[in-house]
Every structure is written in C-alpha cells, then in structure tokens.
Amino acid sequence: MNILIIGDVYGDVGKEMISLYLNRIKEDYNIDFLIINGENISKGKGMSLSDYDFLKQYNTDVITMGNHIWFRNDILRYIKHNKEVLKPLNLPRYTPGEGSILFNVKGLKVRVTSIIGRVFMFDFANNQFEAMDDLLEHDTSDIHIVDFHGEATSEKIGFAKNYDGRLTALYGTHTHVQTSDSRFLPEGTAFICDVGMTGPFDGIIGADQEAVLHKMKTNMPARFVQSNTEGQFNAWVLEINEKTKKVSKHHTISITPQKKYEKQ
Ligand SMILES: [Fe+2]
C-alpha cells in the first residue's frame, strides 16, 4: 500500500502546484491513499468550501487542519458531516468535528489522526499525550498515521518517541520547511519533523515578505498577503508492507524552482 502525504498547501500558488503535479505523482507512485493538510489553502489561512471541493476533486481521502482551522466560517458548514476533515484531536471536545478517522483500504483498517502542539502554539489545546492515550485504548486499526501540527521539533520528536512502535508513521506540519530527517525510529515508526509546504517558494513560509519583515522589525500589526513567487511542492511517500503492516520504505519529494520533478 502506498500513501502520499502532503503538508500545508498554501494559497493560490499551492493550488497551482497541486494542479501541476499531484495527478502525475499519484500515478508514478501508485498511490492508494492521500492525506493533505488544508489549513493554509485559502489565501494562507483556513479552508473555504470551494477549496475543500478543490482538494476533493483529487480524491483526497483525509484533510488535516491546524491552528487556522476556525479562520473561515465555511468550515462550520462541512466539518460535522464531512468527517474526513479532521480537527486536531486535542482541541476542546466542545468544538465541532473529529480528530481521528478510520478507513478500510485494501482490506486493512487505516487510521489517520490529527494532533496539534502546545509549544509556541494554541494555548487552549489539551495535553496531546492524554488525547492520544485515550484514543489508543480502544483503537483497532492496522495502520495508524499521525499529522503533528506544531512549531517545535523537540515537541514532535518527543511525541513520536513516546509512541514509537505503536504508530505506523508520524509526520510534522506547520513549519512549512521540509526537514531532512525522514527516518525509522528504533521500534519501527516512520518519522519526519516536517514534510514541507506546497506553495510559494520565495516568500516567508508562504506570505509576501514585505509585511512579514515589517512586523518582525517593528512589532506593529501587519496584514499578511500570500506570496506570488514561483511554487514548490513537497511531500512524503510511504510504502507499507501489507503483511507486516509496517512502513517498508519512506522518502521525501521536493520540487522547487531549482529542482525539477523526477520520480525516485
Ligand atoms: Fe499551522
């Protein structure tokens, strides 16, 4: 079984990159299951109904979100009924949506769970270990993939180590820069700190640099706009052995203005 994981898709340039490359990559790697993080797809913040439809056109199986989940009210129209759109599992249970979903793929039970970090992030997220322990207590899945949406690499590594061997794969999103640490942890969980963004290459993690720099230098409020520079496409591919139900191979895809796409 082959799973394609795409991190934060950022704004119009991100959608353009999806249109340019996604179908080809799905075909090249014989993809059976597709997970995309959609929390930045609508001009950098949140996911409008039309952008939800855009991702569904590509038969996206699961859309994970993050700290911008509630930025657009549109999501309240679909998150209750469209359970493949995940909120982070450790958000207050009074918020709409589910943090985890179970699918049947090629006769195996595949679970996808969304988690949000608490270091430099939402201060109202619950303890992610408690949320995951509660979930695992009754979990019957064969394969379990987790999107950890967080700022700090230490927090992602710590969480992954705590569940090493109990999760099939755990990947980071939110920092928008692909890390070069795609690896197996000692007990077999596949891990990467961040799969990287699919969006503008030359802004500041997706936004136009002018307003971001103004804010950084002055500490004054600024309205960020999406960058319109050339695009990049980043993803993580997992090959899963259907007998052992473990990842047998993992590798990153990275397409930038300097690095053309080539199937590995
Ligand atoms: Fe985020």
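The legends below accompany close-up views of a predicted model.

**View 1. Strand β2 lies between β1 and β3 in pairing.** Strand β1 (residues 2-8) pairs with β2 in the parallel sense through 5 bridges. In this pairing, Leu-4 has Leu-34 of β2 as its bridge partner. Strand β2 is also joined to β3 (residues 62-64) by 3 bridges, and these two strands run parallel. Here Ile-36 stands opposite Ile-63 of β3. Strands of a sheet pair through backbone hydrogen bonds, in either a parallel or an antiparallel sense.

**View 2. Two right-handed β-α-β units involve β2.** One unit consists of β1, helix α1 (residues 11-28) and β2. The other consists of β2, helix α2 (residues 49-57) and β3. Both units are right-handed.

**View 3. Strand β2 is covered on both faces.** Strand β2 spans residues 33-37, and 5 of its 5 residues are buried. In a regular strand, side chains alternate between the two faces of the sheet. On one side of β2 are Phe-33, Ile-35 and Asn-37, and on the other are Leu-34 and Ile-36; all are buried.

**View 4. Ile-3 belongs to the largest nonpolar core.** This core has 63 residues, of which Ile-3, Leu-4, Ile-5, Ala-235 and Leu-238 touch the most other members. Strand β12 (residues 231-241) gives the most to the core, with 6 residues. Beyond its neighbours within four places in sequence, Ile-3 is in contact with Asp-32, Phe-33, Ile-35, Ile-145, Leu-238 and Ile-240.

**View 5. An open sheet contains 6 strands.** The strand order is β5-β6-β7-β8-β10-β9, and the pairing is mixed. Strands β5 (100-105) and β9 (183-184) form the edges, each pairing on one side only. Strand β5 is joined by 6 bridges to β6 (residues 108-116), and the two run antiparallel. Within this pair, the bridge partner of Phe-103 is Val-110 in β6.

**View 6. Two histidines with positive phi lie in the loop between β8 and β9**. Most residues other than glycine have a negative phi. His-174, however, has a positive phi of about 100°, and phi of His-176 is likewise positive, near 70°. His-174 follows in the loop between β8 (169-173) and β9, where His-176 is also found. A residue counts as buried when 20 or more other C-beta atoms lie within 10 Å of its own. His-174 is therefore buried, with 26 such atoms within 10 Å, and His-176 is buried with 21.

Technical notes: Residues are numbered from 1 along each chain as its sequence is written. This is a predicted model: local features need pLDDT of at least 70, side-chain atom pairs count only at pLDDT 80 or more; totals for chains, interfaces and linings use all residues. Two strands pair if DSSP finds at least two bridges between them. Helices (H or I, at least four residues) and strands (E, at least two) are DSSP runs, numbered from the N terminus. A residue is buried if 20 or more other C-beta atoms lie within 10 Å of its own, exposed if 12 or fewer, and partly exposed in between; C-beta atoms are placed from the backbone. A nonpolar core is a set of buried Ala, Val, Leu, Ile, Met, Phe, Trp, Tyr and Cys residues joined through C-beta atoms within 7 Å. Two residues are in contact if their C-beta atoms, placed from the backbone, lie within 7 Å. A crossover is right-handed if, with the strands pointing away from the viewer, the path from the first strand over the helix to the second runs clockwise.
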